[in-house]
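Here's a friendly walk through a protein model for anyone meeting it for the first time. Let's look at its hollows, a few of its helices and a couple of single residues.

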Amino acid sequence: MNRTLLRNRQPEWKALETHHRSIAPLHLRTLFAEDPRRADRFSVEAAGWFLDYSKNRITEQTLDLLFQLARACNFEAAREAMFNGDRINVTENRPVLHVALRNRSNRPILVDGQDVMPEINRVLDQMTDCARRIRAGAWLGYTGKPIRNIVNIGIGGSDLGPVMVTEALKPFSQRSLTVRFVSNVDGTHLAEQIRDLDPAETLFIVASKTFTTQETLTNARSARAWVLAQLKDEAAVARHFIALSTNATEVSRFGIDTANMFEFWDWVGGRYSLTSAIGLPIMIAIGPEHFFSLLDGFHAMDRHFAEAPLESNLPVILALLGVWYNNFFGAATHAILPYDQYLHRFPAYLQQADMESNGKQTDREGRRVHWATGPVIWGEPGTNGQHAFYQLIHQGTQLIPADFIGFARSHNPLGDHHLKFIANFFAQTQALAFGKTTEEVTAEGISKKMVPFRVFEGNRPTNSLLAEQLTPATLGALIALYEHKIFTQGILWNIYSFDQWGVQLGKVLADRILTDLTAPVATPPRHDGSTQALIHRFRSLQSTAPDRMTSR
């Protein structure tokens, strides 16, 4: 039998199962006591990032077995295929070449014999010209006023990445420009983002590859109506809208000048697209030079991932540790805990990157998998999380591996804020690893009745990622680190990481239900009993509710 069909019956997988039974009872207190140099041996550095993974429930043997598993899964050949532009997105018959978008070496990368780099550079030049004109006040709206407000309309990868990076790199942004994002088809999102803006000074970026995405086009049409309600001339659309798309026909029909259409390609997956034209709002906010530094950071981690031996490869190590906990300890979630407020959207960004990529139950041969795949990704920044959910990580019944991310220097060095902040980072990883024993609690004079409540089991695994400062380059490297971790895990789980068929069914059903929400009441039922009842209740509430004016 082809062993790739039953990954969990591979000899390397079985060896890890046996090893897990022997190592599971070991405590990190013991592992550190037996090896004073453990932190030196279980750490690695690349592309501006230092990773300490010593507070994991592993030994040298664990790592050796995990590296053997990676090689048995032909990981290195799969990695090479991605960088070479092979059609590794098999179910959609596409290459996966987000690495080409930040290929700062400009070496040729071929798709069907054609070097993609000249087109990538052309779009980067187009983006640079646009960003510089807006930032200099040279892009004038229909009435002759300079553009001061940018509103990006997109969803999924056309929103989460640009939002996250724009927030993360605020210290590098031009503060005289307002840059906002609209994604949710709930009209409240658009209404709140534009309510205090002047249409004459506002430019909308409509990000949709096909220019047919329901949520994005619904918001775009409402934004168009808002502009025209004040400017009164269809010709104004061309001065206040640009498109990130490949559908010139629909872009032109909307009223956008196709000279202001920025192209990207079908080998750019949505959740990997922020270094493509989708990153235009980022470039406008932080400027072309800082955007290129962001690309430099991506490229540095790309080269590290492609070239470093597995044993010192940051994305590979993080990926293998994730597999170790997910598949052998049964950890179903993974926490992302950035100790920098500017990274407050980073966990949400990684939710899509990871869960849309590896949330799969079918292997590459089309069979149901018999092992866990992608974990639930979640988290919050810094001490906010400590006062919310850390209790469960410390003393709950579930094992939750966590990545702590921090920086030596703050962009806002107010008093001793940053020292206290990082002290909490280091303290939390220490507490999670080593806990607090019954003897230690008793020695503090705690009453015998209260001792069980004060004991911390510890032995909770964490990774610590530390860089000098949050910059465009370190952020680019950090994002690439997680992208390549996700790719590596997909290879180990024998699944396709670059499609997302699971999001399609809901879209199809939503279109059908939308018709039923406005169809005559006598329309024959065509849904399950629950959905049909909800449609009926919604229509009844709509028809009986009095009109209300919302205070604005």
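Start with helix α15, which gives the most to the lining of the largest cavity, with 4 residues. Keep in mind that this is a predicted model. Strand β10 (333-338) joins in too: α15 and β10 each supply at least two residues of that cavity's lining. The full lining is made up of Gly 322, Val 323, Tyr 325, Asn 326, Ala 331, Thr 333, His 334, Pro 375, Pro 401, Gln 489 and Trp 493. Sorted by class, these come out as 6 nonpolar, 5 polar and no charged residues. The count of cavities of 30 Å³ or more comes to 4.

Now for the pockets. Here are the volumes and linings, with the largest cavity alongside.

| Space | Volume | Lining by class |
|---|---|---|
| Largest cavity | about 60 Å³ | 6 nonpolar, 5 polar, no charged |
| Largest pocket | about 1,100 Å³ | 14 nonpolar, 17 polar, 9 charged |
| Second largest pocket | about 320 Å³ | 5 nonpolar, 8 polar, 1 charged |

The largest pocket has a volume of about 1,100 Å³. Of the 40 residues lining it, Thr 213, Gly 270, Gln 500, Gln 504 and Lys 507 are the closest to its centre. Three elements give two or more residues to this lining: α10 (214-231), α16 (346-358) and α23 (504-518). The largest share, 4 residues, comes from α23.

What about the second largest pocket, at about 320 Å³? Its lining has 14 residues, and the closest to the centre are Asp 340, Gln 341, Ser 410, His 418 and Phe 421. Helices α17 (382-386) and α19 (417-434) each supply at least two lining residues, and α19 provides the largest share, with 3.

On to the helices themselves. Helix α1 (residues 11-23) has 13 residues and reaches 18 Å from its first C-alpha to its last, close to the 18 Å expected at 1.5 Å a residue. Which residues of α1 are buried? They are Glu 12, Trp 13, Leu 16, His 19, His 20 and Ile 23. These residues cover an arc of only 120 degrees around the axis, which puts them on the same side of α1. There's a simple pattern behind this sort of thing: an α-helix has 3.6 residues a turn, so residues three or four places apart point the same way. The face of α1 turned away from the buried side carries the exposed residues Pro 11 and Arg 21. As for partners, the buried residues of α1 pack against α4 (60-72), α15 (314-328) and α22 (472-492).

Helix α22 deserves a look of its own. Its 21 residues should span 30 Å at 1.5 Å a residue, and its end C-alpha atoms are 31 Å apart, which agrees. This helix is mostly covered, with 20 of its 21 residues buried. Following α22 is Asn 494, which has a positive phi, near 60 degrees.

Another well-covered helix is α8 (residues 160-168): 8 of its 9 residues are buried, so it is largely enclosed by the rest of the structure. Those buried residues are Leu 160, Gly 161, Pro 162, Val 163, Met 164, Val 165, Thr 166 and Ala 168. They pack against β6 (178-182), α13 (280-286), α14 (288-307), α16 and α22.

Finally, two single residues. Where does Arg 460 sit? You'll find it in the loop between α21 (451-454) and β13 (462-467). Arg 460 has a relative accessible area of 6%, so it counts as buried, the cut-off being under 20%. Leaving out residues up to four places away in sequence, Arg 460 touches a number of others, including Leu 28, Lys 55, Leu 392, His 394, Gln 398 and Leu 432.

Pro 338 belongs to strand β10, and at 0% relative accessibility it counts as buried. Not counting neighbours within four places in sequence, Pro 338 is in contact with Leu 343, Pro 347, Glu 380, Pro 381, Gly 382 and Ile 405. Pro 338 and Ala 308 are 30 residues apart in sequence and 26 Å apart in space, C-alpha to C-alpha.

Methods:
Residues numbered from 1 in each chain as written. Predicted model: local features only at pLDDT ≥ 70, side-chain atom pairs only at ≥ 80, totals over all residues. Heavy atoms only, no water. Expected span 1.5 Å × (residues − 1). Buried < 20%, exposed > 50% of the residue type's maximum accessible area, 1.4 Å probe, protein only. Arc of directions from axis to C-beta. Contact = heavy atoms within 4.5 Å. 1 Å grid on protein atoms, 1.4 Å probe; cavity = no way out; pocket = protein on both sides within 12 Å on 5 of 7 lines; lining within 4 Å. Points joined across faces, edges and corners; volume = space filled by probe spheres on them. Nonpolar A, V, L, I, M, F, W, Y, C, P; charged D, E, K, R; others polar.
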